[in-house]
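Please look over the sequence and the model shown here. A short report on one helix and one strand comes after them.

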Amino acid sequence: MRVFIIAGEPSGDKLGAALMEGLQTLLPDVRFDGIGGARMIEAGLKSRFPMEEISIMGISEILSQYRHLKRRISQTAETIIGANPDVLITIDLPEFSLRVAKLVKAQSHVRCVHYVAPTVWAWRSGRAVKMARHIDQVLALLPFEPPYMEAAGMRCDFVGHPVVTDPQASAKDAQAFRLEHGIGGAPLALVLPGSRRGEVSRLAPVFGEALAPALRACPDLRVVIPAAAPVEHLVREAVKSWSLEPLVIRSEDKAQKRAAFKAADVALAASGTVSLELAAAGTPMVIAYDMNWLSRQVIGRMLKVDTVTLVNLVSETRAVPEFIGADCVPDRIADALLALINNPSGQAEAMALTMQRLGQGGDAPGLRAARAVLDGLSAAHPRH
């Protein structure tokens with residue numbers, strides 16, 4: 001079996017490597033071609049070109065490299081059509097992946113599978129209908145996504161979220177982290193103001209103000225911030241005006257980050273998949289997020305759900321308090337944070353249910369995704 005597989009971001013590279021390993025478990029003679037990063041290369045892929053060439057985010061970046069991206073899209077599609085693989089698997093990065101799939105479908109009968117469903121349940125539901133013109137099957141990370149894809153005419157398989165297989169720190173690791181950093185038995189808040197410059201610039205001042213009342217109520221409160229390398233300097237500058245001095249660690253130090261998640265009593269975090277990481281670690285959280293005025297107006301009008309926190313959505317509860325857009329103000333966040341410090345166990349059931357529904361305790365998502373791809377092929381072409 002010949003598979004052409006494309007990923008353009010670290011998260012996609014992780015998904016791709018796990019899927020490749022799953023396919024190798026089920027079909028030892030499977031052969032791979034495509035584009036990927038270090039993890040996929042380690043799993044046996046010889047990448048056609050560096051993944052970083054297509055790992056571009058933001059309108060301005062896309063526009064500045066539009067010609068190069070367009071050329072890579074055309075080249076990649078031509079390569080796939082010429083190779084005529086049994087299946088094309090594109091992983092997230094819709095700006096690149098779906099354009100490649102569109103060209104491939106227009107000139108061949110290659111089966112196209114897209115890994116990671118678009119968030120049509122939250123906004124821009126028309127994306128699913130457009131995808132269905134050239135995508136045969138979708139592999140979904142969230143259990144409530146298949147009906148949205150199926151309604152648009154695509155097969156969709158829930159295969160589980162990779163967070164359920166992420167390694168977790170032990171109680172001993174957490175205790176060692178507290179000892180190493182002189183925290184002892186003091187209450188510890190984990191603060192995560194985002195991994196992009198814009199997020200940190202907007203959220204760090206708000207988070208700092210929100211922590212001030214918590215510090216007055218708990219004078220021995222300690223704060224730790226795992227900062228991504230691209231924004232570490234920005235984080236360190238931003239926290240200089242806070243009323244307490246947080247411990248800033250590098251999120252690239254995975255062992256330290258895992259230990260911090262486990263050691264923390266509560267967390268204040270930007271909206272995103274980090275809520276699932278916190279749930280996996282069992283760390284109760286408050287979620288907050290803001291964006292520029294124009295984005296707030298546009299997205300606010302398009303949003304179709306009353307919560308954007310994945311723990312709330314997957315568990316079908318509203319256990320995690322969130323403060324989005326105009327609600328992302330220090331006093332409201334502070335009240336929720338203080339309530340959480342006083343009652344940290346209130347989210348335990350919702351977090352456990354979230355992990356269960358995402359596939360914890362079952363087969364690894366990569367293996368489930370591999371089975372779904374093979375089953376889709378068999379259904380479409382019985383000779384497989």
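The sections below describe a predicted model, starting with the helix and then turning to the strand.

## Helix α17

Helix α17 covers residues 365–380, which makes 16 residues. At 1.5 Å a residue the helix should span 22 Å, and its end C-alpha atoms are 22 Å apart, so the expected and modelled values agree.

The buried residues of α17 start with Pro365, Gly366 and Leu367. They continue with Ala369, Ala370, Ala372, Val373 and Leu374, and then Gly376 and Leu377. Among the elements that cover these buried residues are α1 (10–26) and the strands β3 (87–91), β4 (111–115), β5 (137–140) and β6 (155–158).

## Strand β7: burial

Strand β7 runs over residues 188–192, and five of its five residues are buried, so the strand is largely enclosed by the rest of the structure. Here the cut-off for buried is under 20% relative accessible area.

In a regular strand, side chains alternate between the two faces of the sheet. In β7, Leu188, Leu190 and Leu192 lie on one side, while Ala189 and Val191 lie on the other. Both faces are covered.

## Strand β7: partners

β7 runs parallel to strand β8 (residues 222–227), and three bridges join the two. Leu190 of β7 stands opposite Val224 in β8. Together with helix α9 (residues 197–217), β7 and β8 make a right-handed β-α-β unit.

β7 is also parallel to strand β10 (residues 266–270), to which four bridges join it. Val191 has Leu268 as its bridge partner in β10.

Key
Residues numbered from 1 in each chain as written. Predicted model: local features only at pLDDT ≥ 70, side-chain atom pairs only at ≥ 80, totals over all residues. Heavy atoms only, no water. Expected span 1.5 Å × (residues − 1). Buried < 20%, exposed > 50% of the residue type's maximum accessible area, 1.4 Å probe, protein only. Contact = heavy atoms within 4.5 Å. Pairing = 2+ DSSP bridges. Right-handed = clockwise from strand over helix to strand, strands pointing away.
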